[in-house]
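Hi,

Here is the model I said I'd pass on. Have a look at it first, and my notes follow below.

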Amino acid sequence: MLRKVIALFGVTTAIGATAFLDEDPGVRHARLQLIWGLIGEVWGWLVLAAIVFGGFSPRLRDLAYRLTGRRLGTLSPYIVLLSVLLAMLSAPVDFYRGYVIEHEFGLSNQDFWAWASDYAKGLGVAVVSGLITFNLVYWIVRKSPRRWWLYGATAVVILSVVIAALAPVLITPLFNKFEPLQDQDLRARILALSERGGVQVADVLQVDMSRQTNAANAYFIGIGPTKRIVLGDTLLANFSGDEVLTVVAHEMGHQAHGDIWRSIGVGAIFFFAGFYVLYRILGPLIRRSERRIGFSRLEDAASLPLVLLLIGLLFFVAQPVENTFSRNIEHEADRFALDLTHQNEDYASALEKLGRINLSDPDPPAWIELIFYSHPSLKKRIEFAESYRPWAQPSDLQRLAPELSR
Ligand SMILES: [Zn+2]
């Protein structure tokens, strides 16, 4: 085990060393974030494995129980205690990724306390959702020892719908201020565009992203009455009206294609498969390691770090499939934006600008794109934006031919 860990760190440092050789700051930034993201992930698994297989979990569980007494039971205080412990142990890597690197590259606008306050709020959100999810799942495990994977996955899928609907009104406002799009001219153009495309446009809001970062972004979020297109103030400040319009058209594509529901649908497949795998693995694993781990049943709150470790590993294995699905729906949203606007040059320059401002790697190695990228590489997206013109007449193509061959 230890030798494997050392080998893994050897590989990541080797990739890290080559990242510094690249001249382009975007490539350097993207690779550093990728490498430190991986280190953080592996570190998290090692911590969980140490807690479980070092036999510490039952002691932590007893401590949690003693701290709060009988009334709260064991699971809830244990979830809080474990979350705080894990956050403290992963804070150094998170700080390096979210603060040090981002400052080094001039992307972060936060001082230490602003960063720490966001970090604490993030921990709070994680604790609350952890309390709801795991109280529900452990209750189901107790009620139905044989079918818990089926009912548990169903409950988690329902929860994910609730979270997707409530996130834009309950969670994102904890970190930023949202308001209606201020630019009335742009608003009118967006409405005209949505009418032309026959898309009932969701609310268009702007957010003070510049509070945290210089990076620019836009996204579509929410379900039913909470669905909205959100534009970062950093996007509005750096992009021309025509460029913003093409970005909005991409987000309209997500809305028109029902991409949030499609993502929840794909997530549901993963949850059912994942819970079934957990069900098959956990029982035998706990029975076999009982003496080492110090608990003998899944219902025991002390099993939580083991459950978290396996969930983390399963998510990691599923990541390439999930990202391949995501890259597909992103490509379809790009196509939608071009079909709706016919503004190929504006969209290509918007994408180029996003890459430059956000310091991303426009052309990562294929295997990195396959595993880690939720969007097609910027190089591919820009090439598509420049060449996709199914509406063009043959005479237009002739006119464009010298331009394209340059
Ligand atoms: Zn998108």
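One definition before the sheet: two strands pair if DSSP finds at least two bridges between them. Also keep in mind that this is a predicted model.

With that in hand, start at strand E1 (residues 178–180), which is joined to E2 by three bridges, the two running antiparallel. Within that pairing, Phe178 sits opposite Val207 of E2, and Glu179 has Gln206 of E2 as its bridge partner. E2 also pairs with E4, this time in parallel and through five bridges. An example there is Val204, whose bridge partner in E4 is Ile229.

Put together, the sheet is open, has four strands in the order E1-E2-E4-E3, and shows mixed pairing. Which strands stand at the edges? They are E1 and E3: each has a single partner strand, so one side of each is left without a neighbour in the sheet. From one strand to the next, the twist averages 30 degrees. Helix H9 lies across E3 and E4, at about 25 degrees to E3.

That part of the fold also feeds the largest nonpolar core, which has 35 residues. Leu231, Leu235, Val244, Val248 and Leu351 are the members that touch the most others in it. Several elements supply at least two residues each, among them strands E2 (203–207), E3 (218–221) and E4 (228–232), plus helices H8 (233–238) and H9 (241–256). Helices H11 (304–341), H12 (344–357) and H14 (378–387) do so as well. If you want one residue to click on, try Leu235: leaving aside residues up to four places away in sequence, Leu235 touches Ala216, Asn217, Ala218, Val244 and Val247. There is a second, separate core too, with 26 residues, including Tyr78, Trp148, Leu278 and Ala301.

Next, a helix pair. How do H2 and H4 run relative to each other? The axes of H2 (residues 25–53) and H4 (residues 75–104) come within 10 Å and cross at roughly 180 degrees, which makes the two roughly antiparallel. On the H2 side, the residues making the contact include Leu32, Trp36, Gly40, Trp43 and Val47. H4 contributes, among others, Leu86, Leu89, Val93, Tyr96 and Ile101. By class, the contact has 10 nonpolar, five polar and two charged residues.

Two loop residues other than glycine have a positive phi, and you may want to look at both. His342, in the loop between H11 and H12, has phi near 55 degrees. Is His342 buried or exposed? It has 14 C-beta neighbours inside 10 Å and therefore counts as partly exposed. Leu359 has phi near 50 degrees and belongs to the loop between H12 and helix H13 (366–372). Leu359 counts as buried because 21 C-beta neighbours lie inside 10 Å, the cut-off for that being 20 or more.

Last one: Ile269, in helix H10 (residues 259–293). With 15 C-beta neighbours inside 10 Å, Ile269 counts as partly exposed. Ile269 and Trp149 are 120 residues apart in sequence, yet 13 Å apart in space, C-alpha to C-alpha.

Cheers

Definitions and conventions
Residues numbered from 1 in each chain as written. Predicted model: local features only at pLDDT ≥ 70, side-chain atom pairs only at ≥ 80, totals over all residues. Core = buried A, V, L, I, M, F, W, Y, C linked by C-beta atoms within 7 Å. Buried ≥ 20, exposed ≤ 12 C-beta atoms within 10 Å, placed from the backbone. Contact = placed C-beta atoms within 7 Å. Axes fitted to C-alpha atoms, helices over the stretch in contact; angles between N-to-C directions. Parallel < 35°, antiparallel > 145°, perpendicular 65-115°, else oblique. Nonpolar A, V, L, I, M, F, W, Y, C, P; charged D, E, K, R; others polar.
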